[in-house]
There are 2 protein chains.
Amino acid sequence: MASTVNKTAHSFDKTRFEALLNRRFFYAPAFEIYGGVAGLYDYGPPGSALQANIISEWRKHFIIEEGMLEVDTTIMTPSAVFETSGHVARFADWMVKDVKTGDVLRGDHLVKNVLEARLAGDREARGLEAAPVAEDPKKKKKKAAKATAVKLDDAVVQEYETILAQLDNYGGPELGELCRKHDIRNPDTDNEVGEPQQFNLMFQSSIGPTGQHKGYLRPETAQGHFLNFNRLLEYNNGRVPFASAQVGRSFRNEISPRAGLLRVREFTMAEVEHYVDPDDKSHPSFKDVRHVEIVALDKHTQEAGSSETKKITVGEAVDKGIIANETLGYFIARIYQYLINIGIDPARLRFRQHMGNEMAHYATDCWDAEIQNSYGWTECVGCADRAAYDLSVHSNKTGTPLIVRQALKEPIVTEKEVPEWNKKVMGKTFKGDAGILQKHIDSLDEAALIKLKGELAQGSAVVKTEEGKEFTLTPEVLTIERKTFKQSIREFVPNVIEPSFGLGRILYCLLEHSFWAREQDIERGVLSLPPLVAPTKVLIVPLSAREEFDPLVQEITAKLRKAGVFSRVDDSNTSIGKRYARNDELGTPYGLTIDFASVQNRTVTIRERDTMDQRIGKIDEVVATVTDLVNGNIDWAQACERLPKYDGVQAVE
Amino acid sequence: MASTVNKTAHSFDKTRFEALLNRRFFYAPAFEIYGGVAGLYDYGPPGSALQANIISEWRKHFIIEEGMLEVDTTIMTPSAVFETSGHVARFADWMVKDVKTGDVLRGDHLVKNVLEARLAGDREARGLEAAPVAEDPKKKKKKAAKATAVKLDDAVVQEYETILAQLDNYGGPELGELCRKHDIRNPDTDNEVGEPQQFNLMFQSSIGPTGQHKGYLRPETAQGHFLNFNRLLEYNNGRVPFASAQVGRSFRNEISPRAGLLRVREFTMAEVEHYVDPDDKSHPSFKDVRHVEIVALDKHTQEAGSSETKKITVGEAVDKGIIANETLGYFIARIYQYLINIGIDPARLRFRQHMGNEMAHYATDCWDAEIQNSYGWTECVGCADRAAYDLSVHSNKTGTPLIVRQALKEPIVTEKEVPEWNKKVMGKTFKGDAGILQKHIDSLDEAALIKLKGELAQGSAVVKTEEGKEFTLTPEVLTIERKTFKQSIREFVPNVIEPSFGLGRILYCLLEHSFWAREQDIERGVLSLPPLVAPTKVLIVPLSAREEFDPLVQEITAKLRKAGVFSRVDDSNTSIGKRYARNDELGTPYGLTIDFASVQNRTVTIRERDTMDQRIGKIDEVVATVTDLVNGNIDWAQACERLPKYDGVQAVE
């Protein structure tokens, strides 16, 4: 680990931060030379490497450590799948159009934005401090409605506040009514807006040459797991619990994407679907994570109008029923550990529970890992108990059972009355009506069967069907007997616990949390990415591109590669200081300088990114030390015990 | 490396092979419970892991070893990009419709299939052996046209053969004419087919809520590289050569996909775009690969009607001009090395050069790495010199220069005659006509300027513009002087060498090449995947799920993880023999068995998949040995020198 520097002492400078990301090509708007398309971004070399490292650590932390079954399913999906899952009907936002310009706005965002601006204006007019407009990026408008200092009636203030609190509860007609009643207009043009229309967020296409097969690009990877459930269960020898996992691209045709990587139209997700017995949601490894302390914002607190968080261990939260079950708690803890490992600031991470009216139709409990950044608190991971919803609907639709068959330790023995027909006599006696009769008898409950049995024992019985037909039955055609049934297999639809990661959002928040500037050089941005995820671990810096340094550059590169440490050489034609500055911006934690002393004495210096400390040692010593640093075996303080301070002049910055 | 077993002795049993892939969930048709969609497949756990390992080795072999710049660009692409690249106009196949059923067929496939069937029937009628129908999966029909033994006129045979040889040259109108002239019908129904229509293979969608922005799913990742060229060049400090690399999903809406993973509608590609000076396509590392011997099928051989390959070193092929340049040769060699490393059989790998009429419109030379499999020879990697095509068209379209500026070592000094105006006199004299005059003078070549200079030296000159206007010029208004120009920067559009990998095709061929069955047990399939790419490296097999084995299972798992070796435990309730058989099918190269002797003596046995040899040793010895085996440091013969043979009874199969 790199030594700690007091980074929070410097306030976050968003302009400089964004300039750095752009200059170093972490990511950039896609199709920029064509004018770009909102919500589509390309990752450049450092962004791609950072993303690859975040994914690699995710695979280790979840798939490998937990023995999950990885799948890789298609993005293009036939319409029937999303009709069944409910996405065709419900995966939509309400949009409104400016009646004159035709500009499209998200209905809920418009209402929220305009009312909040009016409330802010009211507070200003009353001489109170203007309330800060919420910075939730999901709710932010392109151009914020301007707050003008106009005092409102107390009743109006109350009404606006009530509307805002319930906003997630309104559908299109209600949003339209609100716009008319409160004269809510497009703040960009001051024009009225039309009636809200539902806009499905899935990208549509058609499959095959005749255009008759409608398809959608998946908005999440989950359905691909569920449709393969039977194969996965078989792969796992028929046993639950087990989990499938997938990293892949998903698509959402956002109405008006903004907030950079936080709301995009194409993104990489990582999703786990953990299948568990609905009657037993305990987790065998829960004991290992009981102690993990999270910052929680539960639904009751929110429903009481507060956003006060509390620190609580996952064990306590499950014991008290705040988190619904052990498996959900287990994954919340594992999500926490993962995010901290890759470098998210624990002070800016909280778990927020969904409120009753907020939860997806299928979920029974849901917690979002929210990460604070300059746009506010952003949902970066969702962790939901989806119950049996998905497997049930696909099973019902396709007629394919998606169930677990479990041998019972103790067979369940039951007795019941069973009607037994003499088919031959039955056919002869009742002919074409035999079917109606049999259906009627099959529909009788236990009590009715016992009553009928009694009547038959007395010689005959008359029964009347719903259709009004009467039949006279005798023991010759029907007997009713008590039989014993032994059930040794239990069948059930497993429940699904789903941790779902938005990797682009995590990556963005990580970059914000890692960014700072040196007090003595505010222009010089630094990304203090942990070595675990840093795009490049070690920068090799020869004093110049002179040939005499080549053998050492090659030797050190080869030794680092053998040790599994990813390094890059920067022999560009600028000063060593400038090259280090560039690599501070790229988040490279360590730099090795090769100079004339290296050629003479086989020594190199090692520089730590955050402190700019420099140490010197023999090549093999330094390679061994930097390997231990990168692998997290030692920290910089321990490295300093191994290597003396370097005070030479050649590598000053 | 696993020891070699004579696998080729057993003929390839496709039915058993496909059953294995399906049973072990390497991959399966996507949306199977919904009836599936042609050309879409999901990868299950072993398929995903195999794919991840193939990608990981690709990243090491290309991106890391060669210091390439990785990018991750979007799949959804605005229409303008593919209009410029030529895909909207040209990325299409010709389809024909059955006039009665409306069934859609690929035009060229239909013609090929029917004519080949007639030729086969002719050969049969002539008493010759029926010629085997070509098994190229790209050219194969859903239901092969049946060959019936009908003798054709010699002239007709000749005509058919000529048509087949030129098939790739025909457009839609010619294909339609062929169908009418030769009465080519849909072999499934014997109905006529309609006029060929062009069918673009890109999936179309629209971006944004108003539906006005047409978008396509990329059919290759390449354009995403090219559009970011300027950022990549800057990241590389303005220098060429360099390469960008990307692994990602692409989409092609095939008319009638078949041949399993070989022709699908959604697939993962890995592409390199190597940017090089058009005047210098040498490669600094070419010397390291000169010796690599490939099996080549050059264009001249094919154009002469032969498919005879020859072995040749890449060095010789470049020296003789068979391969166009060093950089192209370098990548052909690197592709060869990569494919062999991951386990492709070198005897079933060839490089085929595109013929003149076959090459894409932009390419100047192109070689396909073709891998032989049960469908024939399949293109799995393309390696093309795309010249300056892509960067030029995007630059022209957007007005953004996509060029390299290179400081010249020796500035180029040139002299030329330069007209210099006295603007004030010019305006006063010629007023509104000054512009026409100046334009005319600017258009004059060197000789004309010298002539004019001579006339001016004599006092005055009369010039006449294209518009027919006459002007009298004096030295007062115009002087012409010889000036020296020094050019120190050279500007050029780099050329692009593009190795492009279809990872699904490679994965499929690798599975075929790895599959065999034991002579003594033909039912038992084995996948001899190299440890480098095998989904699981080591299987840990406790004799039973009894608790007493748990500590050893955990100890060995932990030790292997620490050594970086991916293992799985199989403690399912079946015999050890059955568990090994299952893992032979999964391609797991080594198995460690834990039995009562392990608990007592801390020994475990190691089993090699291909030979089924078993050896025994102390836990740490065996862990060290299997680590060396997996990392390729030793082979099985060397492992046998370290560990004695095991002849126990507990682990017999």
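In this predicted model, Gly305(A) counts as exposed, because its relative accessibility is 70%, and the cut-off for that class is over 50%. The residue is placed in the loop of chain A that runs between helix H10 (299–303) and strand E13 (310–313). Although Gly305(A) and Ala165(A) are 140 residues apart in sequence, their C-alpha atoms are 8.4 Å apart in space.

A contrasting environment is found for Thr605(A), which counts as buried because its relative accessibility is 2%, where the class requires a value under 20%. Thr605(A) belongs to strand E27 (residues 603–608) of chain A. When neighbours within four places in sequence are left aside, the residues in contact with Thr605(A) are Gly591(A), Leu592(A), Thr593(A), Gln614(A), Arg615(A), Ile616(A) and Tyr646(A).

At the level of domains, the assignment for chain A gives domain 1 (14–83 + 204–390 + 496–504), domain 2 (92–197), domain 3 (408–492) and domain 4 (536–642). The centres of domain 1 and domain 2 of chain A, taken over C-alpha atoms, are separated by 30 Å. An unreviewed UniProt entry lists residues 174–535 of chain A under "domain: Aminoacyl-transfer RNA synthetases class-II family profile". In the model, this span of residues 174–535 of chain A is 28% helix and 36% strand, and its end C-alpha atoms lie 48 Å apart.

Chain A also contains an open sheet of 3 strands, arranged in the order E6-E5-E7 with antiparallel pairing. Strand E6 (104–106) and strand E7 (197–200) of chain A form the edges of this sheet, each pairing on one side only. On average, and with direction ignored, neighbouring strands of the sheet are turned by 45° against each other. Between strand E5 (residues 92–97) of chain A and E6(A), the antiparallel pairing extends over 3 bridges, and Val96(A) stands opposite Leu105(A) in E6(A). Helix H5 (residues 107–125) of chain A packs on this sheet, where it touches E5 and E6 of chain A, and the direction of the helix makes about 75° with that of E6(A).

In chain B, an open sheet of 9 strands follows the order E3-E10-E11-E21-E16-E15-E14-E12-E13, and its pairing is mixed. The edge strands of this sheet are strand E3 (69–70) and strand E13 (310–313) of chain B, each of which pairs on one side only. Within the sheet, strand E11 (residues 266–276) and strand E21 (residues 495–502) of chain B run antiparallel and are joined by 6 bridges; Val276(B) has Asn495(B) in E21(B) as its bridge partner. Helix H2 (residues 45–64) of chain B packs on the sheet and touches E3, strand E10 (242–251), E11 and E21 of chain B, while its direction makes about 160° with that of E10(B).

The largest nonpolar core comprises 68 residues, of which Trp58(B), Leu339(B) and Phe501(B) touch the most other members. Helix H13 (residues 326–342) of chain B supplies the largest share of this core, namely 10 residues. Apart from residues up to four places away in sequence, Phe501(B) touches Trp58(B), Phe62(B), Thr268(B), Met269(B), Ala270(B), Ile335(B), Tyr338(B), Cys380(B), Val381(B) and Ile506(B). A second core, separate from this one, has 67 residues, including Phe286(A), Ala333(A), Leu511(A) and Val533(A).

Definitions and conventions: Residues numbered from 1 in each chain as written. Chains lettered and ligands numbered in written order. Predicted model: local features only at pLDDT ≥ 70, side-chain atom pairs only at ≥ 80, totals over all residues. Heavy atoms only, no water. Core = buried A, V, L, I, M, F, W, Y, C linked by side-chain atoms within 4.5 Å. Buried < 20%, exposed > 50% of the residue type's maximum accessible area, 1.4 Å probe, protein only. Helix = DSSP H or I, 4+ residues; strand = E, 2+ residues; numbered from the N terminus. Contact = heavy atoms within 4.5 Å. Pairing = 2+ DSSP bridges. Axes fitted to C-alpha atoms, helices over the stretch in contact; angles between N-to-C directions. Domains from an automatic or database assignment. UniProt positions renumbered as here; feature names shortened; annotations may be inferred.
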